[in-house]
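Here is a short tour of one protein chain, written for someone who is just starting to read structures. Keep the 3D view open as you go.

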Amino acid sequence: MEATGTDEVEKIKSKFMSAWHNMKYSWVLKTKTYFSRNSPVFLLGKCYHFKTEESGELSTDGSNFDQLTTEISGNVEEFRRDFISRIWLTYREEFPQIQGSALTTDCGWGCTLRTGQMLLAQALMLHFLGRAWVWPEALDMESCDSESWTSSTVRKLTASFEASLTAEREPRILPRRRPARRDWDVTEMRNEVYHRKIISWFGDSPPAAFGLHQLIEHGKKSGKVAGDWYGPAVVAHILRKAVEEARDPELEGVTVYVAQDCTVYSSDVIDRQCSVMDSGKGGTKAVIILVPVRLGGERTNTDYLEFVKGILSLEYCVGIIGGKPKQSYYFAGFQDDSLIYMDPHYCQSFVDVSIKDFPLESFHCPSPKKMSFKKMDPSCTIGFYCRTVQDFEKASEEITKMLNSSSKEKYPLFTFVKGHSRDYDFASSPLHEENDLFSEDEKKRLKRFSAEEFVLL
């Protein structure tokens, strides 16, 4: 009897925590975002222009994103479709309990893991779908504005409390209207299969290769546990380990390289691309390059703005994770001096991605957010994707030119160096690390510095 009473208390406590999380984080989609009508918008290597039909009516005060399609011409619809097609991963609640803890939500502590997931998801979308792919149902998200999403949260919460009063095991919630199924051709069906598969790899359950549960398991090897706050540098190494240990045959053709001490060693990257796959198949692997850097000292140095904008305008870029202190965002583009990002600080309910035709709407963001570059926290991780060795060589040349031109008599944020890391007195190359999250050299550095501190040479 006492145990039953304790269970009821825990259930009530859980419902109140759920209510608190939804109240605290539901503001994310309610804030309005404004875009200038005169300046181009860049999104992960693509450029969009928002121009008014009559030049005499240009406005400099911006325009609300939700109203752009009726107020201006140009390729606004293409931008909306492109942005909404990116995979959005946010706080979740009521997912299976994380091993070694009582947590069933990552609200308040998992934002950097979520942004790391978004960066990796974008790289996998490039790998399997290509940059030109867009979700055919993206514009059907138009009805899912902030009010309807917030209303859904309220309905869910109300139904949950009503269920507890009527002793129902599961609350009956009116589902959000889903768009009608389209008549897809063979290519579209193939793309949709990969679209769902990529999302399923990030599901919030232990079997998911890049889900929160697996990432936390990899993080334990660096002293992190569920409930800790993860920085962008640590997440980069966690993602590398997760990809290395992924068992899905579809992922054999992808590898991850994490830069050491703000240096990308070209031969190490190429060695990873040319390494033999587990199945014995030939050919090269695509590489995801993650570069943890600092954009200044205690505050972000605005001299790096042009370089960051240049990076986000490259076709090889898969985004930047970072943001404000203890708040991580996924940056995917820019307009003028503001960065465009997706915000993981929105609490949504667990979705079982193992079921057939699981709902996709909650994995796509209905509207972007913008942040002034100077408000960013200096610590961040930059991501690139290169399908072939030739792509890597071309990307390294382009990025090196950008780094040199933006340095302005100071050392660049990071460098590309020919050769292997071991050629520069490192104990081991990334290919011969121990089966641990960090190499011995990295462990020694982490003892001297915090996970988010980097020495600018």
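Strand β13 and strand β15 (residues 369-372) are joined by four bridges and run antiparallel. In this predicted model, you can pick out one such contact between the two strands by finding Leu339, whose bridge partner in β15 is Met371.

Now look at the other pairing of β13. Strand β12 (residues 327-335) also pairs with β13 in the antiparallel sense, this time over five bridges. Here Gln335 stands opposite Ser338 of β13. The two strands β12 and β13 form a hairpin, with two residues between them. In that turn, Asp336 has a positive phi of about 55°.

The table puts the two pairings of β13 side by side.

| Partner of β13 | Bridges | Sense |
|---|---|---|
| β12 (residues 327-335) | five bridges | antiparallel |
| β15 (residues 369-372) | four bridges | antiparallel |

Is β13 itself buried or exposed? Five of the five residues in this strand (residues 338-342) are buried, so β13 is largely enclosed by the rest of the structure. Both of its faces are covered. On one side you will find Ser338, Ile340 and Met342, and on the other Leu339 and Tyr341, all of them buried.

Finally, step back to the chain as a whole. The chain has twelve helices and 17 strands, and 54% of its 457 residues are buried. Among contacts with a separation of 6 or more, 75% come from residues 24 or more positions apart. The accessible surface comes to about 21,300 Å², and 51% of that surface belongs to carbon and sulfur atoms.

Notes: Residues numbered from 1 in each chain as written. Predicted model: local features only at pLDDT ≥ 70, side-chain atom pairs only at ≥ 80, totals over all residues. Heavy atoms only, no water. Buried < 20%, exposed > 50% of the residue type's maximum accessible area, 1.4 Å probe, protein only. Contact = heavy atoms within 4.5 Å. Areas by Shrake-Rupley, 256 points an atom, 1.4 Å probe, with all protein chains shown as cover. Pairing = 2+ DSSP bridges.
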